[in-house]
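Me: Please go through the bridges, sheets and cysteines of the structure shown here, one topic at a time.

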Amino acid sequence: MNCSWAKGRAAPDDVQYFLYIRSKKRIERECPRYLKDSGTHVGCHLQDLSGLTSYNYFLVNGTSQETGIQFFDSVLLLKEIEQYNPPDNITVQCNESHCLIRWEKPRTRQQWPNREFQYQLDIQRRRDTSSGRSQLIVVFGDSGNRYNFPKPGSKAKHTVKIRTADARKAHWGAWSQPVEFGSEETESSLVHIYVLVVLGTLVCGLTLGCLFKRFLKSHRLFPPVPQIKDKLNDNHQVDHEMLWEKFTHETGKSDKEEVLTVETVSEAPAKL
């Protein structure tokens, strides 16, 4: 456990600080290893936590030859300030629809049930890890330390890392090592399909272009043969008018011809 504090703004140059810890069992001890800044104690590192209980009294006392130093004290619940280690044994199993991510609760100073933990999952595509885009998912320990991640259609490789905190306070610990899952076989095959589609489109375009050019050349070499104009069919109405006028004109000529009348005369009776 690490404890830290800052030197007061109005503190004299010769100020020195000391940390004392007293447990519920009335056991008091001084910090065994101070962290220093220019010779002044600004922190304490506790390697052995066996003497600590759930509630502990912390006292930071200051001394100086020039003036008195105000002390600082606080009663802290270790469970609330403890930063948990990453979870153990992270595994991922995938099928056609999803990937099941499992893990075990981290090792802690005291044994706590699963419901006392919460976890944060950071899932990223392997190629997008540098872009900062990720999915942060919070899972509580009472879910059974598992999470179903919908399997992406591209089946691209992903990475997952997990960190732990108390279920009542999001005081997150360190991230675990990334675990890879998924495969890029389908993604590479899709790339091949895209390439084939593009090549096929180019080939079809070039083929149509060649056929069009060939059609233009053949049209220039063999121009269409001119056809005899059919006046009767092309100007049907005009020809009908012309024929009707001609017919009428010829019919008018017949009115001027002489008509010969022939009569039948019967023979006179013979004279007696």
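The exchange below takes up disulfides, strands, salt bridges and a surface patch.

Reply: The model is predicted, so local features need pLDDT of at least 70 and side-chain atom pairs count only at pLDDT 80 or more, while totals for chains, interfaces and linings use all residues. Residues are numbered from 1 along each chain as its sequence is written, and side-chain values use heavy atoms, with hydrogens and water left out.

Me: Which pattern do the disulfides of the protein follow?
Reply: A disulfide is a pair of cysteine sulfur atoms within 2.5 Å, and a search of the whole structure finds two. Cys 31 is joined to Cys 44, with 1.9 Å from S to S. Cys 94 is joined to Cys 99, with 2.1 Å from S to S. With bonded cysteines counted along the chain, the pattern is 1-2, 3-4.

Me: How many residues apart in sequence are the parts tied together by Cys 31 and Cys 44?
Reply: The link of Cys 31 and Cys 44 is right-handed, with 105° about the S-S bond. Helices (H or I, at least four residues) and strands (E, at least two) are DSSP runs, numbered from the N terminus. Cys 31 lies in the loop between strand 3 (28-30) and strand 4, and Cys 44 lies in strand 5, so the parts tied together are 13 residues apart in sequence.

Me: Is Cys 99 buried or exposed?
Reply: Buried means under 20% relative accessible area, exposed over 50%, and partly exposed in between (1.4 Å probe, protein chains only). Its disulfide partner Cys 94 has 35% relative accessibility and is therefore partly exposed. Cys 99 has a relative accessible area of 1%, so this residue is buried.

Me: Why is the sulfur of Cys 3 without a bond to the closest cysteine sulfur?
Reply: Cys 3 is buried, with a relative accessible area of 15%. In strand 5, the bridge partner of Cys 3 is Cys 44. The closest cysteine sulfur, in Cys 44, is too far for a bond, because the distance is 5.7 Å.

Me: Which strands stand at the edges of the open sheet with the order 1-5-4?
Reply: Two strands pair if DSSP finds at least two bridges between them. Three strands form this open sheet, with antiparallel pairing. One side of each edge strand is left without a neighbour in the sheet, because each has a single partner strand; the edges are strand 1 (2-4) and strand 4 (34-37).

Me: Which residues make up the uncovered face of strand 6?
Reply: In a regular strand the side chains alternate between the two faces of the sheet. Strand 6 (residues 55-63) has a covered face made of Asn 56, Phe 58, Val 60 and Gly 62. The uncovered face consists of Tyr 55, Tyr 57, Leu 59, Asn 61 and Thr 63.

Me: Which residue in strand 7 stands opposite Asn 56?
Reply: Strand 6 pairs with strand 2 (residues 16-23) in the antiparallel sense over eight bridges, and Leu 19 stands opposite Val 60 there. Six bridges join strand 6 to strand 7 (residues 72-77), again antiparallel. Opposite Asn 56 in strand 7 stands Leu 76.

Me: How many residues apart in sequence are the parts that Lys 79 and Glu 116 tie together?
Reply: A salt bridge is a side-chain nitrogen of Lys or Arg within 4 Å of a carboxyl oxygen of Asp or Glu. Lys 79 forms one with Glu 116, the closest N and O atoms being 3.1 Å apart. Lys 79 lies in helix 1 (residues 78-81) and Glu 116 in the loop between strand 9 (98-104) and strand 10 (117-125), so the separation is 37 residues.

Me: What is the relative accessibility of Arg 107?
Reply: The side chains of Asp 88 and Arg 107 meet in a salt bridge (3.8 Å, N to O). Asp 88 is partly exposed, with a relative accessible area of 25%. Arg 107 counts as exposed, at 67%.

Me: What is the relative accessible area of Leu 196?
Reply: Leu 196 lies in helix 2 (residues 185-221). Val 195, Leu 196, Val 198, Leu 199 and Leu 202 form a nonpolar patch on the surface. Leu 196 is exposed, with a relative accessible area of 59%.

Definitions and conventions
Patch = residues over 30% accessible without salt bridge, like charges linked within 9 Å, V, L, I, M, F, W, Y side chains within 5 Å. Areas by Shrake-Rupley, 256 points an atom, 1.4 Å probe, with all protein chains shown as cover.
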